[in-house]
Amino acid sequence: MAHPRKRPEELRSHRWFGAKDLRAFGHRSRTLQMGYSREDFAGKPVIAILNTWSDINPCHAHFRTRAEEVKRGVWQAGGFPLEMPAIALAEPFQKPSTMLYRNLLAMETEELLRSYPVDGVVLMGGCDKTTPALIMGATSMNLPAIYVPAGPMLRGNWHGEHLGSGTDSWKYWAELRAGTIDEQAWQEVESGIARSFGHCMVMGTASTMTSVAETLGLTLPGAASIPAADANHPRMATESGRRVVDMVWEDLRPAEILTPAAFDNAITVVHALSGSTNAIIHLVAMAGRAGIDLKLERFDELARTTPVLANVQPAGKYLMEDFYYAGGLRALLANLNGKLNLGCRTVNGMALGQNIEGARTYNEDVIRNRGNPVSAIGGLAVLRGNLAPDGAVIKPTAAEPRLLKHIGAAVVFRDYNHMAARIDDENLKVDADSVIVLQNAGPLGGPGMPEWGQLPIPKKLLREGVRDMVRISDARMSGTSYGACVLHVAPESYLGGPLALVKDGDRIELDVERRRLQLHVDDAELMRRRRLWQPPAPHYARGYGALYAKHITQANQGCDFDFMHAGAPTPDPEIH
């Protein structure tokens, strides 16, 4: 829906800068104090640039420069750019998990935009949780917003072989533990796997979520696929800065873009990419901020009719640099013809269908057509059963096919430390048919639902040639990971969910085709175990951790704070 173009006195920032009173005098004088002239800001849209740059975040190492390029675009379009730092969620470093702090960045985003004289915002992110967090906060605030994704890093290299960050880390770590490569080779892989700034260049959580942002209509067309080091990336940043100024004048807000149809598009694309399992949690939370109750069943419905077209690690062969050269996300969207709602509006004011007109695929092995898919059905599946009454997820395309229908005896670890201490014990009663179970790794149990779900295979089995096993937990898994890993089991074991009641030797059935996850223990025995179960001690007594523990929802609800989905909208502050 088109809006009448705003007048300068209708800008939100006019309340700070435009009045003829003492408070506005203070706002203007302090802006002049920073070296700006009245011509720089008077009557112009104020554009916040929320920058998640930090020395601790290698994925965003180029964002200092990109922020200046965004500013250039804002200035060119007649806006007034103000860069505002926001917390950096650096996936490789932050413990116990960046997921613990996703909602903190979402809240910071919303409150920065609410409390300052901002008319529109450029969101700068890319490393896994920054994309959903920034979008969640911007959605709740509902000012004109455009997303600038960090872009994938360049391909890794070792002995002339392309390496994928994350995915090949797990692969060669297993080979090191199995004794098939030595320490020198491992260090060479370590030195060659991440060669430039930018986020992971496999179809991990970062690339999945930036692709989601583009599909939802929150980025310029083609933005998500551009490698971070490519010259097209700064051009995209500048163009985003120009565009957001017009979005302010047009009053184009997230609420008009983030519709149920747009979320169906995003889910479809996650399946076509064989994207990260984390996307399910993030999309549920993002939809919730837009007032949409997105159920796990919708993911499974769309999975059954969506082919996997992206032949990209970890479910495929290639890397994001190859994906970009092959035509990028626009080409994949075009190949999904008939599966998408093409009338959905996007940040450039055009419909999704208009944005992909003329898109071509230049390498049909990287981006497959629907007649030659990587898989005939989507890359994620939602499981149910007495072990996961509220759902669990698996990425079938990343598992050995023989394990997608499996029954085995449980080998249970009560928490991550228990697992780490015992997994390589030569006396551990485990074989290739066992089902490894990790408890207390969920939203509360982890805490923060860490990416522990790709549980290690015992060293003695690695030496026998085993490279995949059924593994079940209430944890998440890195989008770069692979294997027959059942994740996000809900309700989590920390709350006394059925996963808490599993004991060594229990028979567990996984049947992906039937979407079944069943514990073969009778109800009477489970009831007896439940009576004996004792809740674990809380992790936090104070601070953000205590707030998190009190209000976090379960995986099937998006792990957002319950109070972010209730109550009346928060009004703008009074200007006193």
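**Reading cavities, a pocket and a helix pair**

Author: Let's start with a lining: that of the second largest cavity divides into 9 nonpolar residues, 1 polar and no charged. Here Ala, Val, Leu, Ile, Met, Phe, Trp, Tyr, Cys and Pro count as nonpolar, Asp, Glu, Lys and Arg as charged, and the others, Gly among them, as polar. The model is predicted, with pLDDT of at least 70 needed for local features and 80 or more for side-chain atom pairs, while totals for chains, interfaces and linings use all residues. Residues are numbered from 1 along each chain as its sequence is written, and side-chain values use heavy atoms, leaving out hydrogens and water.

Reader: Happy with that! How should I read a cavity, and which residues line the second largest cavity?

Author: Rolling a probe the size of a water molecule over the atoms shows where empty space is left. On a 1 Å grid over the protein atoms alone, a cavity is a set of points where a 1.4 Å probe fits but cannot get out, and lining residues have an atom within 4 Å of a point. The second largest cavity is lined by Leu123, Ile135, Ala138, Thr139, Ala145, Ile146, Tyr147, Leu218, Pro254 and Leu258. Two or more of its lining residues come from each of helix 6 (130-141) and strand 4 (145-149); helices (H or I, at least four residues) and strands (E, at least two) are DSSP runs numbered from the N terminus.

Reader: What volume does the largest cavity have?

Author: A volume is the space filled by probe spheres set on the points, with grid points joined across faces, edges and corners. For the largest cavity that comes to about 60 Å³, and for the second largest about 40 Å³. The lining of the largest cavity includes Glu214, Arg330 and Asn355, and divides into 4 nonpolar, 3 polar and 2 charged.

Reader: And a pocket? Which residues lie nearest the centre of the second largest pocket?

Author: A pocket is an open set with protein on both sides within 12 Å along at least five of seven lines. The second largest pocket has a volume of about 480 Å³. Of its 25 lining residues, Glu110, Arg114, Ser140, Pro569 and Thr570 lie nearest the centre. Helix 5 gives the most to this lining, with 4 residues, and the lining divides into 9 nonpolar, 7 polar and 9 charged.

Reader: Last one: at what angle do helix 9 and helix 12 pack?

Author: Axes are lines fitted to C-alpha atoms, for helices over the stretch in contact, and angles run from 0 to 180 degrees between N-to-C directions. Helix 9 (residues 205-216) and helix 12 (residues 260-273) pack at about 145°, their axes 9 Å apart.
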